[in-house]
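Trainee: I would like to learn how to read burial and helix packing from a model. Where do we begin?

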Amino acid sequence: MSRAAVAGVHVFGVRHLSPGGARHVLEYLNELQPTAVLIEGPSDASGEIRHLTHAVTKPPVAILAFTEDLPVRTVLWPFAVYSPEYQGMKWAQEHGAQAEFIDLPSSVTLGLQDALRQDAGGRPEQKPVAEEQGEPAEEEVSEPESVYSRIARLAGEHDYDMYWERNYEHNASGGAYRAAILAFSAQMRELSESTERAEQPREYAYNALRESYMRRRIKLKIEEGHLPEKIVVICGAYHAAALADLSEGMSDTELASLPSRSTKLTLMPYSYYKLSTMSGYGAGNAAPHYFQMMWELMASGRAEELPHLYLSSVARMVRRAGTHRSTAEVIEAVRLAESLAALHGGSAPTLRDLRDAAQTLLGHGDLAVIADSLARVDVGTNIGRLADGVSQTPIQDDLNRLLKRYKLEKYRSTVASDLTLDLRENRRVSSSEAAYLDLHRSVLFHRLELLGIHFARNVPSGQSGATWAEHWILQWAPEVEIEIVESTLLGETIEVAAAYVLREKLLECSSIAEASALIVTACECAMTTQMEESSRVLQRLAVDSRDVVSIATAARELAKIIGYGDIRKVDTAPFVPLLEELFRRGCLFLLDASGCNDEAAALMISAMNDLNNISQEHSEIADTALWLQELLQLAQRDDRNPRLSGFACAILMERGAIPAGEVAAEVSRRLSPGIPADLGAGWFEGLSMRNRYGLLSRMSLWEQLNDYINALEDEEFKRALVFLRRAFSTFSPREKTMIAELLGELWGVNTEQAAEILTGELKEEEAKMLDDLNDFDFGDL
C-alpha cells in the first residue's frame, strides 16, 4: 500500500491479495527493470521460488514450514495468482532477475511463536490468524471501532474492503496509485504503532524484529553487488515505511540470539476458501474468485467488463439451481450496479454494489435465492496444483503416487464427492491390480483415517449387511496437506506411518474392546504383522476378563474379520481359536454378569445379541450347545435381571430350543399375580424384544398378560407401566394394531373398534394421568 525510494532502493508496499496492486507492481518492474526483486516471505524458502513459478504450478499455493520434532508447529505463506508477491516472482523468473524472500527464516518464526506462547503463560496467543500464518495483521485492531471501520464509515462505504476496492483496486493510474498509498501507509502506521505498543507489545516486538531482519537482507543484497536503484522490495504496506531507513539492520549477534526450531519446508496446493476471510484468514479477502476474475480482465485490458462477467456468472449459477433468470434481468443488474457506483463517486462498481444489484434483480429482493450462487462466484472452489515431485516431503510424494496409481486424482477437489467401492474381484479386467482396484482404494482410505488425514470419510453403505461394499465421501482441503506433512514424523510412506501409529496404539491398549478394534483396523489397513500383534494383545487381556459386554464386543469384531477375510485377502485362520475362546468365556460368565441393574441390562442385551449371532453365523467355531445351555439357565433364574431372563427366553423360543410346554409354564409363572410388578413386567419386556410375530401368534400369552395386569393393585400397576410402556414403544404401528385386535378378542368386543380406540390419540385426562407418573416414587427402580 505504499512505495518509497530510499537510498536508491525501491520499496513497493502492497496489499497481500490485490489484483490492482499486482498490476501496478508489474508496471513498475517493467519500468525499472531491476536486477533483484526482494519479497516479504521466509528467507529460507527462496529456493522454492523456482517451483512456485514453474509452468505447471497453478495458484493458489502456499509455502508450508513445519517443525522436525514434537510438538509439531506449522506456519503458512499462501499466494493467489493475483498476489503482488507472486507476480513479482513470475516477473523475475521471466526477465532473468534474482528473486529472494527476505523475511525471518521459518525456523525463527516458529521459534518466536513458541516464545510468545510461553510469555503468555502457555495459553494460546489471541492474535490474528494472519500473523500466525506469516502475514502482518494489518487490519486487526482491538478497539471497539477500528481505524479501518472509521475510514469506511467516513467514506460512506459499507466496510473497509469496499473502501479499498473503490479507491485503490479501481485506480488505473500507476503514479496516482503509488502517491495515494504512500501517504495512506505512513499515516496508518503512525496510528497503529501507538496502539500496538500500548495494547499488543509482543506483536509490536515481533513486527519490529521482522523489519530489522528485512533491512539486513536488503543491505546484504547491496553488498553482493546489486545497485540500490536496481533493487525492488515488495512487502506488505504496513512494513513499507519501516524499510525506508536501511541504517538499522539486524546484527549477527541479534540474529543469533533469536529463538529457533529446526524446520522443514514444502509447497502445498491451497484453496480459495482457505484464502478467504470466511475461513478466518486475517490477511485474506472476502471474495478470492471475484478478485481472480478482476485480475484476468485487467491482464487482458478489459477491466470494465467485470460487472458483466460477475452478474452473468451469478445468473448462470442461479439457473443451474433450477431458477430461471433472463438476460434482460442481468443487463438491468449491471445498470443498477453502475448506478450504485456513481452514487458513491466511484469509477466502477465494487463487490458490494454488484451483490446488491444481484440481490435486487436476480434474487428479486431475496438474498436466500442467490446466496449459494454468490458464494460460488465470490469465493469459488479453486484448488491449486503443483508439478509432480515439486518440493514434496516423502510422504506427500507417496500419497501423490498412490492417488495416481489408484485413479483418485480427480477427487482432489474442495467439492465433496461420493465413491462406492466393491471390494470383490473384478473379473472383467486383465491385470491383478485393476481386478482389486477398489480393495486397494479401501486400504488406502483406512490408512489415511488411521493417520488422522481427513481426505476420505467412511459412511454407511447402501448395501445393508454387505461386507464387500463401502461408501466413502472424498473432499480435499489445505488442512489435508498439513495433516499429511505432520505425518512425516511418523514415517516416509503412508504404510510405514500407519504401521507406526498402530504399534503405538497397541502399546497403550488396556482393554479387550480396544484390542479387538485394533485388529479390525489392522485388517482394513492390510497390515498382517500388526494383526498378529493385536491378536496377542487381545489374548493376553482376555485371560483375566470377566466382562461379558467387552468379551462379546471383541468376539463380534473377530467374527467380522473372519466373515470378510476372503474379500480382504487376509489369513484369518489364526483368529479362529481366539474367537472360540472368547465365545466360550462369554457363555460361561453370562449368568454372573446378568445379576445387574436395569441400566447395565441394556448393554448386556446387546452382548447377548452379538453372541447369539456368532453362534448362528459361525456354528463351526462357536460352542452352540454351551450357549443354549447357559441361556436356558438364565431364562429359568429368578434372581437375575428379569429383562435378561425374558430376553434369554425369547432367543430360545426363536431358535426352537425350548418346548412350547415349557414356554407356557414359564409365562404362567412369570406373569402370575404373586409376582412383583417390576419383575413380571420387566420379564415381559425382555421377552418382547425378539421374535415379535412369534409372540403375536400365542393367544395364551396375551391372556396371561391381561390377567396379570388386571390383578395388579394401583401402585403395582404404576410400577409395571414403566416396563410395559418401554416394551410396547418399540413395536411397529402394524404390530400395535395386531395386539389391539388380540385384546379386543379377549375382551369380547369388536376387534376393529378395539384397535381404533387403543391405537388412537390419548384423551386429555389420559395424557394427564401419564404425566402424573413423572412424580410417582418408583423406589429403587
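Mentor: With a cut-off: a residue is called buried when its relative accessible area is under 20%, and exposed when it is over 50%. Keep in mind that this is a predicted model.

Trainee: Is Arg447 buried or exposed?

Mentor: Arg447 is buried, because its relative accessible area is 13%. Arg447 sits in helix α20, residues 437–450.

Trainee: Which residues does Arg447 touch, not counting those up to four places away in sequence?

Mentor: They are Ile494, Glu495, Ala498, Cys525, Ala526 and Met527.

Trainee: How is a pair of packed helices described?

Mentor: By the angle between the two axes and the distance between them. Here, α16 (residues 351–362) packs with α17 (residues 367–378) at about 140°, the axes being 9 Å apart. The α16–α17 crossing is right-handed.

Trainee: Which residues of α16 and α17 meet?

Mentor: On the α16 side, Leu351, Arg355, Ala358, Gln359 and Leu362; on the α17 side, Leu367, Val369, Ile370, Leu374 and Asp378. By type, the residues of this contact are 7 nonpolar, 1 polar and 2 charged.

Trainee: Which residues in α17 are buried?

Mentor: A general point helps: an α-helix has 3.6 residues a turn, so residues three or four places apart point the same way. In α17, the buried residues are Ile370, Ser373, Leu374, Val377 and Asp378. They lie on the same side of α17 because they cover an arc of only 130° around the axis.

Trainee: What covers the buried residues of α17?

Mentor: The cover includes α13 (288–299), α14 (306–320) and α16.

Methods
Residues are numbered from 1 along each chain as its sequence is written. This is a predicted model: local features need pLDDT of at least 70, side-chain atom pairs count only at pLDDT 80 or more; totals for chains, interfaces and linings use all residues. Side-chain values use heavy atoms; hydrogens and water are left out. Axes are lines fitted to C-alpha atoms, for helices over the stretch in contact, and angles run from 0 to 180 degrees between N-to-C directions. Helices (H or I, at least four residues) and strands (E, at least two) are DSSP runs, numbered from the N terminus. A crossing is left-handed if the near helix is turned anticlockwise from the far one by less than a right angle, and right-handed if clockwise. Contact means heavy atoms within 4.5 Å. Ala, Val, Leu, Ile, Met, Phe, Trp, Tyr, Cys and Pro count as nonpolar, Asp, Glu, Lys and Arg as charged, and the others, Gly among them, as polar. Buried means under 20% relative accessible area, exposed over 50%, partly exposed in between (1.4 Å probe, protein chains only). The arc is that of the directions from the helix axis to the C-beta atoms.
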